[in-house]
Amino acid sequence: MKPLSSIFFLLFSILSIGQTKVKDTITRRANIGLIQNGNTVTYKPETPPLIPIAGAPKPSYSYLWELGDGHYSKEAEPKHVYKNKGTYTTRLAVTNNYDNGKPPATRPKKVAINDITDTNYKDIASIADQNGFAILKNCDPIPDQEMVVVVGYQNMENYVASGKLYLFYNEKQFKSNNFELVDFRTYANEREVKENTVASVNDLEDSNRYLASAENTFKAKKYRNTTTEEDLNASLLDANKTYHNVSVLEFDDANPGETRNVFYTFKTTPEMIKDTSATVTMRGIFVPNRSYKNHKIKNLEMEIVTSHDPNKMGSNGSFINYRLVRFKRVNFKTRFQNNGEGPARMIRLETDIPDMFDKKTFQVEDMYPKCPICPKGEEPTVSCLDTIIKQKQIFFTFKNIYLPGSEQKNVHEKDSTKGFVKYSMKFNEDFHKVKTRSRTAIIFDKNEPIITNYATTRFLPGISIGAKAGYNVYPDLEKSTSYFVGATISPFKSYRFYWQAEWINALNKYESGTTVVDQTVVNPNGVKQFQRTTTTTENKNVNWEVPVLLRYNINTYIGIGAGIQANFNISSEQIMNKKIESFEGGTDKIVIDTKTESNSVKSGFDNLKTGLLFDLTAGFARIGPSLGARYVINFEQNFNYFQFYGIWKF
C-alpha cells in the first residue's frame with residue numbers, strides 16, 4: 001500500500017494537470033505534391049484533416065497556387081504546362097473554410113523543367129472583362145495571419161508599352177496599420193521604385209469618397225469595378241491622403257494583349273481592427289504608359305473575419321462621423337456560397353434592417369449572379385433578383401438562377417459557387433447615435449437557413465464644444481454676487497450616457513462680516529465724546545471651477561448629471577474698510593467728525609475646495625441651447641451654492 005502522502009501528491013498532480021491549459025504548439029502543414037511529365041506538371045495538395053465547427057456547414061479547403069512563371073490557379077489539383085526550361089518555385093496558399101483551426105502552413109517547392117515535351121502552352125488568361133486590371137485575394141484577412149493578393153494587368157493598347165503599378169494599403173482612417181507587406185514576387189522583370197506621392201491635397205475631392213465614414217462634405221465618387229481616369233496626379237494624391245503605405249513597380253515592354261501578374265504576401269498585424277463586420281480596402285492604380293496620365297483604378301474590398309466563412313455579412317459603416325453622415329449612404333454586403341452537391345436555383349437572403357435606416361432610400365448596388373431586378377406583379381420566367389421590403393427586414397431572392405455547388409461533380413473553380421448582394425441606404429431624418437446590428441439568414445432552395453455574423457455600424461465619438469454663462473448663488477454669504485463664463489467639452493450629440501468636462505471662470509464678490517464698536521472717548525480738549533467704529537470686510541476673487549461629470553439624456557430635451565469638481569482662486573483680494581464716527585455729547589444724534597481707513601491683502605492660487613455636483617438641463621439636451629441648474633456640495637467647509645446658467649453646445 002502506498003503511503004498516504006503519495007496518494008495526496010498523485011491527486012494534486014492530476015488536479016493540476018486538469019486545471020492547466022496546455023498551449024497547442026503543433027503547426028498544421030500542407031505539402032505540395034506533384035506528378036511531372038516533361039514540362040507538364042499536375043499538382044496535388046497534401047492537406048491535414050479538417051476540424052469541423054459544431055453547427056457549421058461541412059468544412060473544406062480552397063487553394064491559390066502560384067506556379068512560378070506568373071500563372072496562378074484556384075483549382076484543387078491544377079495541371080500546368082511550362083513554356084521554357086528552367087527551375088520554377090511553386091507556392092501554395094491554403095484557406096480552411098468552416099474549419100476550427102489555423103490555415104495549414106506550406107513551404108515553396110522547386111520544379112525543374114529540363115525537357116519541353118508538350119507545346120500546348122497557354123499564355124496568362126486575358127482580363128479584358130475587367131478593363132485590363134484586376135486585384136484578387138486568396139482569403140479575407142484574419143488578425144496575425146498571412147494572405148496573398150494578386151494584381152493582374154494587361155496591355156490593351158496596340159503597341160508595346162512601359163508603365164507603372166501602384167498598390168496602396170493601410171487606410172489612415174484606422175488607428176493602427178492592418179497589414180505588413182512581407183514579400184512580393186514579379187515574373188516580368190518589374191522593378192520596385194521609390195516615389196514621393198505626397199503633395200498638396202487642397203484641391204482634391206474627398207479621399208475617403210467611397211466610404212460612409214468619410215469626414216468631409218465633398219462630392220462622393222465611387223470606384224465600381226475598374227474605372228479609367230485621366231488626372232494621375234489627383235488620383236495619386238487622393239490615394240496618398242487615404243492610405244499610409246504604397247508599393248510602386250515599373251514595368252517595361254509589355255506586348256499588345258499581354259497579361260502579367262504580381263503576387264504580394266501580406267501579414268495582418270496583431271493590432272488589426274477586430275470588428276468582424278468592418279470593411280478594409282486596398283487600392284491599385286495601373287498606368288499602362290508612363291508617358292501619359294491615363295490610368296485605371298480598382299479597389300479591393302475585404303471584410304475582417306475570425307474564421308474563413310464564405311457566408312458573411314459586412315458593412316463599411318464601422319466608423320461613421322455623426323455630424324456628416326446624414327446625407328451619406330452606408331453600404332452593406334452579404335456573401336454566400338453554395339456548398340451543396342448540386343446547383344442552387346433559388347437563393348433567398350432575409351436581412352435585418354435597423355430602425356434608424358430609411359428603407360425608402362434602399363437601392364441595390366451590385367450582385368452576383370448578375371441578373372436584372374424582377375418585374376413587379378409578374379411571375380418571372382428568366383433569371384432575376386426580387387426584393388421585398390418589410391418593416392424590419394429586406395428579402396432578396398435570386399430566382400431562376402444556376403449557382404453550382406462546391407461538392408458538385410466537374411466543378412473545379414470554387415469562386416463559381418459564390419455570390420453576393422451589395423446594397424446601400426441612408427439614415428432616417430431623426431436617428432440617434434447608437435450602434436446597430438443586423439444579420440442575414442441565407443436559404444438555398446429548400447434547405448435550412450444559414451445565419452451569418454452580425455454586421456455593425458458605429459459612430460465616432462466626435463467632439464462637442466459648448467459655451468456657458470450664468471450666475472452663482474451662495475446662500476451663506478452676505479451681499480454676494482458671482483458671474484461666470486465657461487466652456488465645456490463632451491462627445492458630439494450622445495444618445496444617453498456621456499462624460500462632460502468643463503472649465504468655468506467666475507468673478508465673485510461678497511462681504512464676510514461687519515462689526516460695530518461703540519465707546520466713549522475723551523478728545524484732546526478733555527471733553528467726553530461718543531465714538532462709533534464700523535469695520536467691514538469685503539472679498540473679491542477670480543475663481544476657477546473644473547467639473548467632470550457623467551451626464552444622462554432622459555430625452556431630446558431634458559438631461560441630468562452628477563460628478564465632482566475642483567474649485568480654487570486664481571487671484572483674491574480682501575479689503576478691510578474702517579469707518580470712525582465722532583458724535584457730540586454722549587449720544588449718536590449729531591455727527592461732528594468722520595474718518596475712513598482702508599487696508600487690502602492680495603493672494604493667488606489658494607483656497608482649494610473639492611466637492612460633488614448635481615445638474616439638470618432643459619432645452620436641447622444633445623446639441624443647441626438649453627438652460628441649467630446645478631447644486632454644488634463642497635467637502636471641506638460649509639460653502640455649498642447653486643448655479644444657474646445658459647449653455648449652447650455646438
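This is a short walk through the strands, salt bridges and aromatic pairs of one predicted model.

Let's start with the sheets. One open sheet has four strands, in the order E4-E3-E6-E7, and the pairing is antiparallel. Which strands stand at the edges? Strand E4, residues 72–73, and strand E7, residues 109–113. Each has a single partner strand, so one side of each is left without a neighbour in the sheet. Look now at the E6 and E7 pairing. Strand E6 covers residues 86–97, and five bridges hold the antiparallel pair. If you want a place to click, take threonine 89. Its bridge partner in E7 is lysine 110.

Next, an open sheet of five strands. The order is E22-E23-E20-E26-E27, again with antiparallel pairing. Here the edges are E22 and strand E27, residues 450–451. Each of these has a single partner strand, so each has one side without a neighbour in the sheet. Inside that order, strand E20, residues 347–352, runs antiparallel to strand E26, residues 440–444. Five bridges join them. Isoleucine 347 stands opposite phenylalanine 444 in E26.

A reminder while we are on strands. In a regular strand, side chains alternate between the two faces of the sheet.

One more strand pair. Strand E16, residues 279–287, is joined to E17 by eight bridges, and the two run antiparallel. Valine 280 stands opposite methionine 302 in E17. How many of the nine residues of strand E17 are buried? Eight of them. Strand E17 spans residues 295–303, and with that burial it is largely enclosed by the rest of the structure.

On to charges. Side chains of opposite charge can pair when their charged atoms come close. This structure holds 29 salt bridges. I will show three.

First on my list, lysine 137 with aspartate 140. The closest N and O atoms are 3.8 Å apart. Aspartate 140 has 7% relative accessibility, so it counts as buried.

Then arginine 191 with glutamate 250. Their closest N and O atoms are 3.0 Å apart. Arginine 191 lies in strand E12, residues 191–192, and glutamate 250 lies in strand E14, residues 243–254. So this pair ties together parts that are 59 residues apart in sequence. Are the partners buried or exposed? Arginine 191 is at 32% relative accessibility, so it counts as partly exposed. Glutamate 250 is at 15%, below the 20% limit, so it counts as buried.

And aspartate 386 with lysine 376. This salt bridge is 3.7 Å, N to O. Aspartate 386 sits in strand E22, residues 384–389. Lysine 376 sits in the loop between strand E21, residues 357–368, and E22. The two are ten residues apart. Aspartate 386 is buried, with a relative accessible area of 13%. Lysine 376, at 57%, counts as exposed.

Some salt bridges share partners. Lys164, Arg191, Glu250, Asp252 and Arg290 are joined that way into one network. Arginine 191 and glutamate 250, which we just saw as a pair, both belong to it.

Now the rings. A pair of aromatic rings is described by the distance of the centres and the angle of the planes. The count here comes to 40 aromatic pairs. Take phenylalanine 427 and phenylalanine 431. Their centres are 4.7 Å apart and their planes are at 20 degrees, so the pair is stacked. Phenylalanine 427 is buried, with a relative accessible area of 4%. Phenylalanine 431 is buried too, with a relative accessible area of 4%.

Then phenylalanine 642 and phenylalanine 644. Centres 6.4 Å apart, planes at 15 degrees, so this pair is stacked as well. The setting is another matter. Phenylalanine 642 is partly exposed at 36%. Phenylalanine 644 is partly exposed at 41%.

Which residues do ring pairs link into a cluster? Tyr322, Phe332, Phe357, Phe362, Phe396, Tyr423, Phe427, Phe431, Phe459 and Phe492. Our buried stacked pair, Phe427 and Phe431, is part of that cluster.

Last topic, charges over rings. Arginine 437 lies over the face of tyrosine 454, at 3.7 Å from the ring centre. Lysine 468 lies over the face of tyrosine 645, at 3.8 Å from the ring centre.

That's the tour.

Notes:
Residues numbered from 1 in each chain as written. Predicted model: local features only at pLDDT ≥ 70, side-chain atom pairs only at ≥ 80, totals over all residues. Heavy atoms only, no water. Buried < 20%, exposed > 50% of the residue type's maximum accessible area, 1.4 Å probe, protein only. Pairing = 2+ DSSP bridges. Salt bridge = Lys/Arg side-chain N within 4 Å of Asp/Glu carboxyl O. Phe/Tyr/Trp six-rings, centres within 6.5 Å; stacked < 30°, edge-to-face > 60°. Lys NZ or Arg CZ within 6 Å of the ring centre and 35° of its normal.
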